[in-house]
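Here's a quick tour of some strand pairings and ring contacts. Have the sequence and the 3D view open as you read.

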Amino acid sequence: MGFVLAPLAGAQDGQVGEPETLFGGSNTFGESHTDVGAGYWSVRLGFYDKDDQGVGNPFVDESVTVIEPVITFDYQASEDFGYNIQLQYDNVSSASIERIASVPGTEESGASGDNYVGIAASFRHRLSEQTNLNWHAGASFEYDYFSAGLGGGISRALEPQDAVISANLNAYFDSIDLIRWDGVSDGDDDRTSITGSFSWYQVLSPTTHGEFGLSLTSQTGFLATPINAVVVEDPGDAPNPNLANNARGTEWDEVLPDSRTRIALYGKVRRSINDFRAMELGGRVYTDDWGITAFDLTPKYIQQFDNSVLWDVRYRYYTQSEADAYSESFTVDPISGEERTQDSELADFDSHLLGTHVQWGRHSQWDFGLDYLMRSDDLDHLFFSFGWKRSF
Amino acid sequence: MKIGNWKMWACFALVGASASCNTVEFYEKGDLGTPVMIMSQDTGLTHFEQKIMYSIEGAAGGVGAAAGGGCGCY
């Protein structure tokens, strides 16, 4: 989740003109309104499905389906103060949860699915004509997980330069019950994630604006996934009924470093073709000290069909190198504490995403988005969301 | 003037970099306010998309995203 700063003026409302306005970028939590008493309700239903048909990690079924409703309320209480409250719920059905649930005699054996509940509140204050202050707090819960988040930032308009600069600091404090791949509880642990970011919105020409930024994250604590296992293959072993295709091997706990530093440099530029069409190019370069280097590039085309229908289509190319601890295959029993993972999200792969999004209506606004992601390891993903928003 | 005054150099870098961008007159900015030019999106959609990408990819952090925390693993 990323909660950063609201743009300085009412770009969200889609008003045309307002030439004095600095429109701000997408680093937004909460929305900015020029009218006191203005706001909105929105309801969104998201669906995400990953279908593992024997691809990715060869020993584990990585299928997962998530249904996520999100309710948001946003209100501009005064000229200088507004807030945004968001409730999130996830219903997760995954092969990993089913595996745990099938283990008799464990305290988690009754878990037939995972329910995630989250609440986040964000508050925005206008300190002056040029300066906004935002802060947020939130919490989320799952049966094996609790997270508390806190953060804030400040943005300042540089009027002669047509720019908005923002600096933000976000922290998450997570507590995790270590329920392992075999359903056995291994106590609990915690992790802390602190992200500092700096972003820059810039008007580049009368028809072009862009946003650029840098984020630096430091994580400490338990950073592995407790339900993940590493399988050490041995043809001499008996077939293992817990593994896909009854493979011959033995599961070992995943072990990953207890600290991680991530750096991401990103940017996007949008250019108006005319009043009803625009193009955008976004990209990001990422590296961390686990050995992953990633790059993505996202061109996007946006078109308005009439006063109330907005449509976009996008393509995203993504590539990453594998983490140092990753291996597709293990044949030797690891040394105690040796870092190891077979998590396909930490593998070397690239992906192509095709997505489209349509939005229609004015005060009562509807939208539908559909994305399909194709990975080089054939672990494809489908996700879509349907939203309704009522402004007042 | 001390070379080691980092605040001064930071100010110079900031102002210099921003001043190097062409200033667009206020009456020329109308195109930037059309609906197709709005780069921000619904916060519920942002939450949904970021959470998915966080669970799919090894890289996290970037536009609108805090890398890590706030999400259990599937």
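In this predicted model, strand β4 (residues 114–126) of chain A and strand β5 (residues 131–142) of chain A run antiparallel, joined by ten bridges. If you want a spot to look at, V117(A) stands opposite F141(A) in β5(A). Between β4(A) and β5(A) there are four residues, and the two strands form a hairpin.

Move along the chain and β5(A) turns up again, this time with strand β6 (residues 145–158) of chain A: they pair in the antiparallel sense over twelve bridges. Here A137(A) is the residue standing opposite L150(A) in β6(A). This is a hairpin too, with β5(A) joined to β6(A) through two residues.

Now for the rings. How many aromatic pairs does a search of the whole structure find? Over all chains, the search finds 20. One of them is the tilted pair of F81(A) and Y83(A), with 6.1 Å centre to centre and 40 degrees between the planes. F81(A) has 24% relative accessibility, so it counts as partly exposed.

Another is W366(A) with W388(A), whose centres are 6.3 Å apart. Why is this pair called tilted? Because the planes stand at 55 degrees, and tilted covers angles that are neither under 30 degrees nor over 60. W366(A) belongs to strand β17 (residues 364–375) of chain A and W388(A) to strand β18 (residues 381–391) of chain A, so this pair ties together parts that are 22 residues apart in sequence. As for accessibility, W366(A) is partly exposed, with a relative accessible area of 33%, and W388(A) counts as partly exposed at 27%.

Ring pairs also build up into something bigger than a pair: a cluster linking W41(A), F73(A), Y75(A), F81(A), Y83(A), F123(A), W135(A) and F392(A). F81(A) and Y83(A), the tilted pair from above, are both members of this cluster. So are F123(A) and W135(A); by residue number they fall within the ranges of β4(A) and β5(A), the strands of the hairpin at the start.

Finally, charged ends sit over rings as well, and here are two cases to check in the viewer:

| Charged residue | Ring | Distance from ring centre |
|---|---|---|
| R375(A) | F349(A) | 3.8 Å |
| K389(A) | Y40(A) | 4.3 Å |

In the table, the charged end of R375(A) is the one over F349(A), while K389(A) has its charged end over Y40(A).

How values were computed. Residues numbered from 1 in each chain as written. Chains lettered and ligands numbered in written order. Predicted model: local features only at pLDDT ≥ 70, side-chain atom pairs only at ≥ 80, totals over all residues. Heavy atoms only, no water. Phe/Tyr/Trp six-rings, centres within 6.5 Å; stacked < 30°, edge-to-face > 60°. Buried < 20%, exposed > 50% of the residue type's maximum accessible area, 1.4 Å probe, protein only. Lys NZ or Arg CZ within 6 Å of the ring centre and 35° of its normal. Pairing = 2+ DSSP bridges.
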